[in-house]
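These are my notebook entries on a single model. I set down each point as I looked it up.

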Amino acid sequence: MDYGHPLRFGTSITPTNELPQAPVERARLSEELGFDLVTFQDHPYQPRFLDTWTLLSWVAAQTEKIHLSANVLNVPMRPAAVVGRASASLDLLSGGRFDLALGAGGFWDAMEAMGVDRLTPGQAVDALSEAIDVIRGIWAAGERSPLRIAGEHHRLQGAERGPAPAHNVPIWVGGVKPRMLRLVGHKADGWLPSLGGLQQGQLAAGQALIDDAAAEAGRDPREIRRLANITGTFSAASEGFLVGPAKQWVDELLLLALEEGLSTFILASDDPATLRRFAGEVAPALREAVAVERSSRGTAEGTVPSTLIRNRRRDGIDYDNYPASLAGATIEPGDAGYAAVRSTYLRGGSPGLVLRPRSVHEVADALAFARAQPVKLSVRSGGHGISGRSTNDGGIVIDLSTLNKTEVVDATTRRVRIEPGARWSDVAATLAPHGWALSSGDYGGVGVGGLATAGGIGWLVRAHGLTIDHLRAVDMVLADGSRVHASETENADLFWGVRGAGGNFGIVTSFEFEADEVGDVGFAQLVFDATDTAAFLQRWGAAVEAAPRDLTSFLIIGRPGPGQRVIAQVMSVVDSSDADTIIDRLQPLAATAPLLDHAIQLLPYAAILNVPPSTHDAQGEPVTRSALADHITPELANAATHLVMSGESYFFQIRSVGGAVADVAPEATAYAHRSANFQLVAFGSNRTRLDRAWDAMHHHFSGLYINFETDLRPERLKDAYPAKTLQRLQALKLRYDPDNVFRDNFNITPLAAQPGPAASTAPHQL
């Protein structure tokens, strides 16, 4: 039998403590020679051996590519929950290079001497079965409920889950008795016997028993990888099984691969010469021979995902036929990495498949595959956007986070090319050594793609304009898979639409910006007694409008608790490194209400945006409303005060805009509300109540900034885009995305087909 698994080769090194660095050196040699896996025996009761778990951790730090495993881990001597957490930790620290091989124990006198309760062979298998459940339960970090297992040998009473491993860590089981083999068929991802301990015919019988048990459990036997520890000696003449020349080794292992189903051969040897000869003469020849035989037999090479993964697949997605280019770039609901990609910053999700393309070509392949599936499509850059619906339930997410490079294109013109998955903190850090910066929101964890296609209201907005005002060109993959370049001179209409409504026309795979010269800036945090709330809002708004452009200020306010005063937090950036200038700009703000506390720092712009990478794990749906306003009028200040004090908004923010933003003509970009001096956003806990309160304020507003709006009613589109702008966007939609593929967020529907060049001229393609 041949299960079609790709061949893998490993080594089994004795973990002797006589020369502690010797097994480490053999592990490094194994990696140097191209082995896929290095393993170590695990006998915690054996004083001549290093502790295997400690050794694995040390070897992981001394190597880069090779996978690591015990051979096999003595489960009775280690609490299963600890094994689960330690395994995930080592897999994360090693970059997804840990594989878990388990055994039920056997040297019970020595184990009992160390305090382990003796088990019968049957009890040991049952305990191992429970341990597998515990380990997988710990790995299930996406499950919200604590882990409870009421087993005979393992009892967990509400253990916290996680972390999830970096990859789908396989669980292999060693053992040859029928009860252990049935456990392999029911639960394990692989079987790891030692060939030297098997009798004639025992290998084939064991495979058959595993296959029958797998079928009994509703599994495909091809899910289970068949490994084997092998020993042998190279010699000029044949003297027995794996004792002879390299060609004999190849011939004998070829039969085991094609007739006995083995696909991973682990060579137990501490001899460097034997390791070198096997890696140089046996492994490549065996790979070639197996490939030739499989081709002649028509045996497809590959692996079958575990039933645990297949059972969590969603309807409507052809999981077995995604493009070959995306191998290794897909995450399903049952995968280890799913918990880290299912949700965004504020929105919980349960997509059926997350595709993480690593190149523009793979973006096109991912999009073509997604279009062929009758499910929802979402596109994600950083996943931090409040309004961006870059996750879904049961659909496909194209996650661009792997496309995250920032590079200088032309230092003389300060041109930089940035990929959509880059975070703004990383961009700022890259530009800082040049003395450059890009105005880019107020939080470094935001992805470039979502911000740079919608607007970009950040800490430098009044001095340097919106993020999109520094955009000079984009490269995109359109709905039909074609690749285009857009700028003021090439596909200019598309470039116009990308700057303010870009998510409707395609997937931007790179942005070309012209950065600004920005040195150190003043960053101030001011805390006010805003009990006279409406008057404070009006005074703050007037002070911001009157300030020179180098000041940008944001305000946050919320309803106070019982018996507490109203507190407002104001954060401001002054684009100057001169202390006197900074103080001069801040004094009018400080005079708007009683100042309770303040902190003023001179910082590099990159320091303000500096945040460590984090995983999004939101639940539910955010409830926010957004608006633009030309001025904080007395009427608007009163209405905002009423909203905050009503409790319908638990977080209310006003950001200054204006300044350089108004230098750009309203018709120059799809972001048309250039007269607005302020952007407002309110977070609420109840959609109906917040909508009712916000709708009552609608007449105070002059427009809407889409990145903070979660209301899906069609009127919001008219708030975001004036009539002429919206009509032009609809015409562009008809041209570039007539099937409305990109409809996940602030969807602009295609204008009814009309004659004329806008509907008939094809874009210039790359």
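Which glycine follows helix 1, and what is the sign of its phi? I found glycine 34 after helix 1, with a positive phi near 95°. I note at the outset that the model is predicted.

**Entry 1: helix 1**

I checked the length of helix 1 next. The helix has 12 residues, which at 1.5 Å a residue should span 16 Å, and its end C-alpha atoms are 16 Å apart, so the two values agree.

I then listed the residues of helix 1 that are buried: Ala22, Pro23, Val24, Ala27, Leu29 and Ser30. I traced what they pack against and recorded strand 1 (8-13), strand 2 (37-40), helix 2 (52-62) and helix 9 (272-297).

I took alanine 27 as a single case, since it lies within this helix, which covers residues 21-32. Its relative accessible area is 0%, and because the cut-off for buried is under 20%, I entered alanine 27 as buried. Leaving aside residues up to four places away in sequence, I found that alanine 27 touches Val38, Phe40, Val59, Thr63 and Ile66. For threonine 63 I also looked up the C-alpha separation from alanine 27, which is 7.9 Å, with the two positions 36 residues apart along the chain.

**Entry 2: helix 8 against helix 9**

At what angle do helix 8 and helix 9 pack? I read about 40°, with the axes 9 Å apart; helix 8 covers residues 246-259. Angles from 35 to 65 degrees fall in the oblique class, and therefore I describe helix 8 and helix 9 as oblique to each other. The crossing of helix 8 past helix 9 is right-handed. On the helix 8 side, I listed Ala246, Trp249, Val250, Leu253, Leu254, Ala257, Leu258 and Glu259 as making the contact. From helix 9, the contact residues include Phe278, Val282, Leu286 and Val290, and among the others are Arg277, Glu281, Glu293, Arg294 and Arg297.

**Entry 3: strand 26**

Is strand 26 mostly covered or mostly uncovered? I recorded strand 26 (residues 551-557) as mostly covered, with seven of its seven residues buried. In a regular strand the side chains alternate between the two faces of the sheet. I therefore checked each face separately, with the alternation in mind. On one side Leu551, Ser553, Leu555 and Ile557 are buried, and on the other Thr552, Phe554 and Ile556 are buried, which leaves both faces of strand 26 covered.

I then looked up the pairing partners. Strand 26 pairs with strand 27 (residues 567-574) in the antiparallel sense over seven bridges, and threonine 552 stands opposite valine 573 there. Strand 30 (residues 651-656) also runs antiparallel to strand 26, joined to it by four bridges. In that pairing I found glutamine 653 as the bridge partner of isoleucine 556.

**Entry 4: backbone geometry in loops**

I looked up two cis peptide bonds. One runs from asparagine 71 to valine 72, with omega near 0°, and valine 72 is in the loop between strand 3 (67-70) and strand 4 (73-74). Another joins glycine 162 and proline 163, with omega about 5°; proline 163 sits in the loop between strand 7 (155-159) and strand 8 (171-173).

I also noted positive phi values in residues that are not glycine. Arginine 414 has a phi of about 60° and is placed in the loop between strand 18 (406-410) and strand 19 (415-418). Asparagine 740 has a phi near 55° and lies in the loop between helix 23 (723-736) and helix 24 (757-760). I entered asparagine 740 as buried, with a relative accessible area of 13%.

Definitions and conventions:
Residues numbered from 1 in each chain as written. Predicted model: local features only at pLDDT ≥ 70, side-chain atom pairs only at ≥ 80, totals over all residues. Heavy atoms only, no water. Buried < 20%, exposed > 50% of the residue type's maximum accessible area, 1.4 Å probe, protein only. Helix = DSSP H or I, 4+ residues; strand = E, 2+ residues; numbered from the N terminus. Pairing = 2+ DSSP bridges. Contact = heavy atoms within 4.5 Å. Expected span 1.5 Å × (residues − 1). Axes fitted to C-alpha atoms, helices over the stretch in contact; angles between N-to-C directions. Parallel < 35°, antiparallel > 145°, perpendicular 65-115°, else oblique. Left-handed = near helix turned anticlockwise from the far one by under 90°.
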